[in-house]
Amino acid sequence: MIKITSTEGLAAFCARAADAPYVTVDTEFLRERTYYSKLCLLQLAIPGEAEEDAVLVDPLAKGLSLDPLYDLFRNEAVVKVFHAARQDVEIFYVEGGVIPKPLFDTQVAAMVAGFGEQVGYETLVRKIAKANLDKSSRFTDWSRRPLTEAQEKYALADVTHLRVIYEFLEAELEKSGRLPWVEEELATLTEPSTYVIHPDEAWLRIKTRTNSGKFLAVVRELARFRETYAQSRNVPRSRVMKDDALLEIASTKPKTHNDLSRSRLLLRDARKGEIADGILAAVETGLNVPPEDQPKPDRSRDALQVNPALADLLRVLLKAKSEELGVAQKLIATSSDLDEIAAGLRDAAALKGWRREAFGEDALRLCDGKLALRAQGQSVVVFEV
């Protein structure tokens, strides 16, 4: 087992990888105690059976720089293969300002190739690589040194089996002509804005049923403070305040530290010091937002005149097309997409790109009465009217 602990060693491997058609990549990281993920281990493999074709890189080793890896990530002659790439790519973007290109995500590819929704790596290893993973090291502390032999073996398997999975899926998608579908899906993963969280927009991720502009203004200010504080101190936002505590505070609108002390859900450490001061200031700012500047709830869907019978037919059509194509239903269209189509809207995601080819065109023809559905045994048959 090759373990790289120097920049020179990493540069030597990346030089070899630059001549390979692809490199498989995985990471082990910790995020329980920080806002940003702490990279603890990096696994890389290129095609081949030699021991040096799969390596473990220790990013915690003194003096090791990941610059040779970032240069490889910028080399568009080499495909970078991940499974469920988003968190891994976020680490590289935050730490090195680089996004690996071209990118291939075997989880997305597997959904397009008929392996179901959000298929796990273990499932693909079993079904494609015909192997089993030892999961005993999955939730260990990857920041501790030295790593155990079990940890190293588990980590390396994540990129060695990935070679087999990638080659299989790439060949299947090439054969079916669906590689462009996967490339279209991966556009989001290679977009830098995917990995940037703006404090001003943090409130949009908080679920609330209240449409009051004043309430939402306080929520917005509290979420902005929490995000800014968590980012600047590199602590999880839940360590500042959890969503339920944030909504409680937006409802009770405390004005003093004594008011804040009555909170049922706020963490003890958040009732004093900088966090408490920030919370009270955020509440005051939110309460003073003029009505014209208060957040406006999205009511665009409230006015939708959804034909429920048509929406049900679209769901049946989606199931039929999913089974016919072997593509996960949720990847093709969401419930919101179907409701929008049934309401007569024509800008749903399911009507664009590869989704239009796979489902959207038939969905529109069904809406226009040019297509019909018929039960046949355990299946649904789609036919022309």
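In this predicted model, the buried residues of helix 2 are P68, L69, Y70, L72 and F73. Buried denotes under 20% relative accessible area, exposed over 50%, and partly exposed the range in between, with a 1.4 Å probe and protein chains only. Residues are numbered from 1 along each chain as its sequence is written. Local features need pLDDT of at least 70, side-chain atom pairs count only at pLDDT 80 or more, totals for chains, interfaces and linings use all residues, and side-chain values use heavy atoms, with hydrogens and water left out.

**Helix 2 and its surroundings**

Helix 1 (7-17), strand 2 (22-30), strand 3 (38-45), strand 5 (79-82) and helix 3 pack against the buried residues of helix 2. Helices (H or I, at least four residues) and strands (E, at least two) are DSSP runs, numbered from the N terminus; contact means heavy atoms within 4.5 Å.

Helix 2 (residues 67-74) packs on helix 3 (residues 86-96) at an angle of about 115°, and the two axes are 12 Å apart. The axes are lines fitted to C-alpha atoms, for helices over the stretch in contact, with angles running from 0 to 180 degrees between N-to-C directions. To this contact helix 2 gives L69, Y70, F73 and R74, while helix 3 gives F92, E95 and G96. By class, the residues of the contact are 4 nonpolar, 1 polar and 2 charged. Here Ala, Val, Leu, Ile, Met, Phe, Trp, Tyr, Cys and Pro count as nonpolar, Asp, Glu, Lys and Arg as charged, and the others, Gly among them, as polar.

**Domains and nonpolar cores**

The chain is divided into domain 1 (2-195), domain 2 (199-288) and domain 3 (308-384), with bounds that come from an automatic or database domain assignment. The centres of domain 2 and domain 3, taken over C-alpha atoms, are separated by 42 Å.

The largest nonpolar core comprises 83 residues, and those with the most contacts inside it are L10, L44, L69, F92, F104, L314 and F359. This core lies between domain 1 and domain 3, because both give residues to it. Apart from it lies another core, of 28 residues, including F215, V218, A250 and A270. A nonpolar core is a set of buried Ala, Val, Leu, Ile, Met, Phe, Trp, Tyr and Cys residues joined through side-chain atoms within 4.5 Å.

Not counting residues up to four places away in sequence, L10 touches I4, L44, V57, L64, S65, L66, P68 and L69.

**Helix 10**

In helix 10 (residues 243-252), the buried residues are A245, L246, E248, I249 and A250. Their cover includes helix 8 (213-233), helix 11 (257-260) and helix 12 (273-287). K253, with a positive phi near 50°, follows helix 10.

**Individual residues**

Three residues are set out below by helix and accessibility.

| Residue | Helix | Relative accessibility | Class |
|---|---|---|---|
| A281 | helix 12 | 38% | partly exposed |
| A311 | helix 13 (residues 308-325) | 4% | buried |
| H161 | helix 6 (residues 149-176) | 18% | buried |

A281 and S65, 216 residues apart along the chain, have C-alpha atoms separated by 41 Å. For A311 and C367, 56 residues apart along the chain, the C-alpha separation is 9.5 Å. Leaving aside neighbours within four places in sequence, A311 is in contact with V306, D339 and A342. With residues up to four places away in sequence not counted, H161 touches Y121, V125, A129, A131 and L133.
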